[in-house]
Structures are given as C-alpha cells and as structure tokens.
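Biologist: Could you take me through this model and tell me what stands behind the terms you use?

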Amino acid sequence: MRRAVEEARSGATPLPRTRDRSAIDDQIKKLLGEIEVGRETIRSGQIDWSPATLQELLHKVLPGAEVLVISNREPYIHNREGGKTSLQTPASGLVSALEPVIRACGGTWIAHGSGNADRETVDRDDKIRVPPDAPSYTLRRIWISDEEQDGYYYGLANEGLWPLCHIAFVRPQFRESDWRQYEAINERFADAVVQEAKTQDPIVLVQDYHFALAPRMILQRMPRATIITFWHIPWPNAETFSICPWKERIIDGLLGSTILGFHTQFHCNNFFETVDRFVESRIDREHATVTSGGHETMVRAYPISIEWPPKALAGQPSTADCRQQVRQALGIAADVKLAVGIERFDYTKGILDRMKAVDDLLTRDPAWKRRFTFLQVAAPTRSKLASYSTLQSEAVALAEDINSRHGDGSWQPIRLLIRHHEAAEVFRLFRAADVCIVSSLHDGMNLVAKEFVAARDDEKGALGSLRASPEPRASYPRH
Ligand code: F6P
C-alpha cells in the first residue's frame, strides 16, 4: 500500500485528490495482481492450495530444488500374511499431512522400513517408487534392528519424548542405552540424506521427535542444505522439559535447522523459553529467530492440515448409503444416533474418558438408552510398551462394564473395533456418523477433526469434544 501511495505521488499515477482514492485503489489492485500465484489467485488473503498450485509455486520460487524427507514412519508399508503381500498406509497424522505434498512435488522420502515384506519389495538400493498405483516419488527404506528399535523408537522417542511433550501424566522414562540408539539412528538417517542427495543444497524436510539430532548432523555434513524441521507433537514449557537429561543436545540438534516448525505459536513460545533457559544463544523474538554458534534458525507456527480434496473421498457412496451400510454391518438400528471416535490406541487421545462420558450420559439421562451408540475405532499402536497395552486392556474392560450395566441383548452403548482401518474405511465411518468425538488430553494438531469435516460433503454431522462436567462425576469401577 505504501508503494502504491508513493507511486501515485511520484507522478507515475496522478496524485489523488483527498476524496478521490481511485488512483491509490488502482495501484493497490495492480500490486495485488502481482501477487498472483500461477493461475490461482489470492482470494481473501488465502491461496487456493492444490497439488498444481504447490507444484507451480515450488518450480517458480525454487526452480530445480531437490526435496528429501526423513521420518520414522514410512508412507507405504508392505506386509506379508498367509503368503499374500498387502500394502498398508499407516494411521499417522504425519503421513496424512506430508504425503500429498511429496506426491505433488516429487523427491525422495527416507523412512524406516517396518513392514515384514518391505525388504522383498525394494530394489537393490532399498528403494521403491510410490504411490504404487501412480508413482511420483521415491521411498528409500532404512533398516533398523529390533534392538535398535527398542532403544530409539520405543525407548527414547516413545517412552521418553512422547510423554514428556504431551504432559499426559505418564512418567517419561530416560535410559542412557536408549539415548545411544537414538543418536546412532539419527546418524544413520543423516548419512542416508547425504547418500540420496544429488545436489549440495537440497531442501531436507526432517519430521518429528524421532529426529531431534538429525538437523545438526545434516548441517554438519551438508552446510548448504536448507533444513526444515517439523515437530509434530506439542513442545512443553521449559520447566517440564528440564527433566530431560539430554535437553541441551536435543535443543542443539534442532537448532541445526534453517526453519523449525511447530503446530501453534504457543509451542513456539515454549521452545523459545526452553532455549533461553538451557542454551547459550541469541533469541530475537521480533523476527522469531534463534542464533546459536553463528547459525540462525527461524522458529515458526505451521498449523498442518490434510489433503484437499481428500483422496479417500473419491468413490465414496452417498452419505445415506454409508449410513445404511455401516449400520447394517454393525447391527445398529437406523434411529440410533451414532457417535464415532477414530484414532491410534494412544493414552493421549482420551479414549477412556470418552467412554466414561457415555456412561455418565446414560446414567444421568437414561432416555438415551437404545437411542445412542458410541463406536470407538482404535488402531493398535506401540503395543510393546506397557502404557499402551494396559490402555488397550483397560478400554476393553471398561467397554464390557458399561455395556453390561446399560446395554441389553440387542443394543450396546459402546462398540470397540480394535484394528487398523484404511483411509477409505475411515471416511465411510465418518460419513455414516451423526457425531465425531475428538477429545485428546493434549495434542499437536489433531487431523481427525479436519478429516471428519472433509468427509462430510453433505455438510451434516457434529464434531464434538469433551468438557469437564460442572457437577460431581459418577464414580467408576476400577479396572
Ligand atoms: O503425533 C506424532 C506422530 O508422529 C504423528 O505424526 C503420527 O500420527 C503418530 O505420531 C504416529 O506414530 P507412530 O509412527 O509411532 O505410529
């Protein structure tokens, strides 16, 4: 706007009279026109993102850029069961958010090959082109032994950093041996980036709490790389983070990034506070940067989202048909309100609390009996850890208890489906439901909420969360 006024004053455009702003308006319109991104225009300050917009933007702004991703979870997992190999897309927010982007811009995705048929499906360089039906990028699989997996993934990442950052009142466990595995696996992925890079200055997208050390390691190996790290879980306040024995190393590792992203500004602020407390550095809050050892890292909030239009929406039956099919398959009557909760079986998701809320509802207002069913779909995850396997058995026992007290032969208030559902099945359930409940105790950016809305092209259905009841809660049997 300032430029428009200056140009108008300099005579490029006649100086507007006080009451005639049209010259300035024209200039502003012209300038806005310049911000056009390819064919897509900026409407109401927002770009209409699509795979094409993204491709165009990337090719215009960063012509010839090489993109590499590192994450623990791979976007496509090959498993063999009963002599048949099947392809699974994991229940992962990271994959839902990032895969459409890489599909659009191409490149190489480096991830742990965790499927039992993964080795048989790669070439001799451990690579495979994906998606299998329309290949557009390369998946490079990294092999991790069971012992390494116990230390790096189950141990440090999921028994240490996961509860630490989620503040979910599961005590974080920190073991020296896990830390050593974590360091070693971070080195392995950093080496793989160097092996895979065809240029000296690639864009490396480092994903999540499994790779806090990798940004610094990559920077040391490739000083000209642009390293963009995204932390997919919350970042707690400095006092909470202070109990991590390797806090300085983790912060230093992350500060190898060119840009470090969190879901919310609140998490960025917590990160600044943590850096301030534990690491020698210069923090510039105005420009949201941290400089340490002469290297500057921009810290930004990026509320990640899902693909639009979602791939899983294509070919879905109408919502009426989805309702009918799902109810028929599960034996739920047409006049029963159906609420769904769909996620990994994780203690941060509030699954038990949700079931207790259903118990509360039926206790306070028995008129809902036979008129309401809550379907919890939960994909088993990290089951090797006691905190996860206990949750699963507690949920099964709680569902049985609630069903035995409120249900009858033909109606059960809680239905629990413990298995992985592919995206198309998840979308069918969303389309069949009256309500979707998202009630994480603490979360980064919950993509289930966004997927439910995206699944409802009929614009019906309610998205709900839980609030603490102002009245005394009923007491629940211990499990
Ligand atoms: O929330 C963090 C996160 O890495 C997500 O991005 C992802 O959805 C989830 O955890 C997956 O966990 P895992 O890879 O251990 O199954």
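Modeller: Gladly; we will go from the cores to the ligand. This is a predicted model, where local features need pLDDT of at least 70, side-chain atom pairs count only at pLDDT 80 or more, and totals for chains, interfaces and linings use all residues. Residues are numbered from 1 along each chain as its sequence is written, and side-chain values use heavy atoms, with hydrogens and water left out.

Biologist: What makes a set of residues the largest nonpolar core here?

Modeller: A nonpolar core is a set of buried Ala, Val, Leu, Ile, Met, Phe, Trp, Tyr and Cys residues joined through side-chain atoms within 4.5 Å, and buried means under 20% relative accessible area with a 1.4 Å probe, protein chains only. The largest such set has 103 residues, with Ile70, Trp231 and Phe430 among those with the most contacts inside it. Helix α6 (residues 146–166) gives the most to this core, with 9 residues.

Biologist: Why is Leu161 called a contact of Trp231?

Modeller: Contact means heavy atoms within 4.5 Å, so Leu161 counts as a contact of Trp231, and Cys165 and Phe262 are also included.

Biologist: How do you know that Tyr153 makes a polar contact with the ligand?

Modeller: A polar contact is a pair of N or O atoms within 3.5 Å. A polar side-chain atom of Tyr153 lies 2.4 Å from a ligand oxygen, so the pair qualifies. For Asp208, a side-chain N or O atom is 2.4 Å from an oxygen of the ligand, so that pair qualifies too.

Terms used
Buried < 20%, exposed > 50% of the residue type's maximum accessible area, 1.4 Å probe, protein only. Helix = DSSP H or I, 4+ residues; strand = E, 2+ residues; numbered from the N terminus. Polar contact = N/O pair within 3.5 Å; in protein donor to acceptor, adjacent residues only side chain to side chain. Lists of a residue's contacts leave out its neighbours within four places in sequence.
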